[in-house]
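Here's a quick briefing to read with the model open. Start by taking a look at the chains, then come back for the notes on how the parts touch.

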Amino acid sequence: MTQVSSVGTYLPCWGSALRRQAGDDEDALTLAVEAGRAALSDSGVAERVIVVSRELPLLEGGNAAVLLAGLGLDPELEVTERLGGAPAALDALSSARPRTLVIGTDLERAGAAAALTGDEGLSLRATARLARSLPVRTRDASGAVHDYGDPRLLRERGLLASVTAAAVEKPVAIAGTDRKQAGSLCPGTAPDLPTTGASAPLFALAALAETGTTGTLLAVEQATLTGVLVEAGQARVHRRELPARPLPKGKYTPGAEIPISLAAYDRAFEPKLRWEAARHPDREELDFPPRYRVGQDGSLSTDYTLVPLPRTGTVYTGVTVHVPVPGLKTPYSLVIVELDEVGVRALVKVTGTEPGTVDIGDRGRMVLRRVAVRSGVPDYGYAFEPEEA
Amino acid sequence: MRKVAVVGAGMTPFAEHFALGIKDLLPMAFAECAASVDKGLDRGDIQAAWFGELSTTDGFPAGILADTLDLPDIPVTRVENACATGNDAVRNALFGIASGAFDVALVVGADKVRESASKDTFWEWAGMTRDMAWDYPLGLVAPANFALHVARYLHESPATKEHMAMVAVKNHHHAVSNPKAQLRFDITVEQALDAPTVVAPFGLYDCTPQSDGAAALLLVSEDVADRYTDRPVWIRGVGLGLDRVMHQHKRDMTTFPATVKAAKQALGMAGLTPSDVDVAEVHDCFTGVELISYEDLGFAERFGACKLVEAGVTSVGGTLPVNPSGGLKAKGHPPGATGVAQCVEIFEQLRGEAANQVDGARIGLAHNIGGPTAVSAVTVLEGPGA
């Protein structure tokens, strides 16, 4: 039995209501961070993190550090990166110990959702699990996708055959399939889910928690299935789901590969991903980015502590780059944000709105985004997301 | 300190010199400088040289200068101080002569911007000027560095994009009669305002072109000036000012404190005030930067720059012509050469020999801002009639 104390969801603002699209500066990790932060937003405590996806960007290491930094969690926490879809995420949750943050994150129908387990909350219990193979869609290590192209076969021999074989009682929600099939299998109760991958069962859980619905939640991926019984209890739900609008077109200019210094990346990583400034002993102002300083008498100060920066602020000045820049999509906007009440400004990219729409004086918040991809390395940092007008 | 005079000045045209390398441009600028020395120059007289070059093209700059001009037996120092390089090279040479260490020194500035593929230029140059971890990945193209300032300036001051367009129109017009200028055509305010946006608030005509070029000055001490000319142009003051490098550390982005410091030093050394200046070459890499610089240099009160362009004060024929050469905007901007070429223009203005002559000019000022907005150099010159 697992108790879920809170659920957080995140949908990017791009795409259509039915099919969200990640922004150019988003990937599975930044989506996961948004959902995870939502789940942790009422001072939840996580002691380990499980992230489930089929889209993790750094297949040779590095995801965990980005995730923990973005979530503001201790870098000593255990992070499990689990390759999988909807059933894998539900498996991870139903077997999770208390104080585990389980995050499902998807790019194709973009969205992420996270559930934090605790000693009390919404109870769920694993009731069914079945692994069957019907690979109508395949993807190899190089990313090449093949689709067998037979939706009726998938429905009959995938979903329905597995539901029958697993002998699950009539579900109240199905995650991992389309709305139509979910609606026909659980009429009247199936929540509309924005995603079909690893985040889908967690979106379903959020819906069940909000409506106080109990019963069986199924997660399916092709012919593989996991079922849990959602029972009594309360989980707080925090949704960060902005209205959908079309992704701005822009124009990508091919050309130079943008170089990166991994030495510089490494030095900047903690403050850049945790949004922290340096406080030197005996110095009033914060240093952002952190650096060594010298005193009036020439004495060297290296012994600074990193302190969190506010994540809200006001635009001091801003510009929009229209001219084609090799390796980037234009137009894009850059702003200098005056962070609230600390006397610190930051030069950052604008996200979550059409380029050129942010003005001096606008308010907004700082969010983790993939600021650039440089020589194959995703370069994460904070961007300014204006408040909804 | 001894007084220091400019006795020769020359430059190549500023252009996309695809057919000429740095080793061609340096002799061209030097030869024109030597030819302008009234009583002639023996190359053997030159005791030291300062060479301003931002980039490194075809070899390390000091060596390239010594080798190319056949000056292997004198000390050559490379100066690199972002877009303030040119006037800082003048400043260093001045101290070399004023101190008594040398009597005759050469100052050269040059750059070959159009030496690499245009698709690579931005990231190459940004790599030299931005913090690699924090700023570089943002795509902070050169115009964006200045646009961040100008956007705030337009927000706080009464200046508008029309005033920036008026600066573009003025400097384009000035360049028409300058045979060394890169963009020798008139534009209208409407053309400037309707041009494609580069980085808002800058349109195409608010921006300097990319240029190659070289410029040279011959500096001598007062003790030997009359061996070279009876019409020396005196360097009355030099100044160099710095500021915070990262934009987020600049508290008031409607002004360039580096310029304020450099101008204060240079005018203070000269014992002059901004109102004494008759002609100025001001760093107009972007039109809005010329407006802000009027205020930082003391030519206008705070937020009063737009009134100067409205009244035509800074056009040739006005009371304080600015950028009679066409400025960076229309003459061109090979960064290392820019400041030196400004002094070439002022030298000609103060001797009454300029292509776009300002009547009766006696005191001239040259100004650079760069880094992108964290270093400024100012030089104040006085004509021979004084």
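How many Å separate the centres of domain 1 of chain A and domain 2 of chain A, taken over C-alpha atoms? The answer is 31 Å. Keep in mind that this is a predicted model.

**The two domains of chain A**

- The domain assignment splits chain A into domain 1 (2-241) and domain 2 (252-386).
- Where these two meet, 13 residues of domain 1 of chain A are in contact with 14 residues of domain 2 of chain A.
- On the domain 1 side of that contact, α1 (28-39) and α2 (63-71) of chain A each chip in at least two residues.
- The largest share of that domain 1 side comes from α2(A), with 3 residues.
- Sorted by class, the side of domain 1 that touches domain 2 in chain A has 5 nonpolar, 4 polar and 4 charged residues.

**Chain A meets chain B**

- Across the two chains, 35 residues of chain A are in contact with 26 residues of chain B.
- On the chain A side, the elements giving two or more residues are α7 (262-274), β20 (312-321), β22 (332-339), β23 (345-350) and β24 (363-374).
- β20(A) provides the largest share of this side, 6 residues.
- The chain A side that touches chain B breaks down into 22 nonpolar, 7 polar and 6 charged residues.

**Strand pairing between the chains**

- β20(A) also pairs with strand β5 (residues 197-200) of chain B, in the antiparallel sense and over 2 bridges.
- To find a spot to zoom in on, go to A:Thr320, which stands opposite B:Ala200 in β5(B).

Key. Residues numbered from 1 in each chain as written. Chains lettered and ligands numbered in written order. Predicted model: local features only at pLDDT ≥ 70, side-chain atom pairs only at ≥ 80, totals over all residues. Contact = placed C-beta atoms within 7 Å. Helix = DSSP H or I, 4+ residues; strand = E, 2+ residues; numbered from the N terminus. Nonpolar A, V, L, I, M, F, W, Y, C, P; charged D, E, K, R; others polar. Pairing = 2+ DSSP bridges. Domains from an automatic or database assignment.
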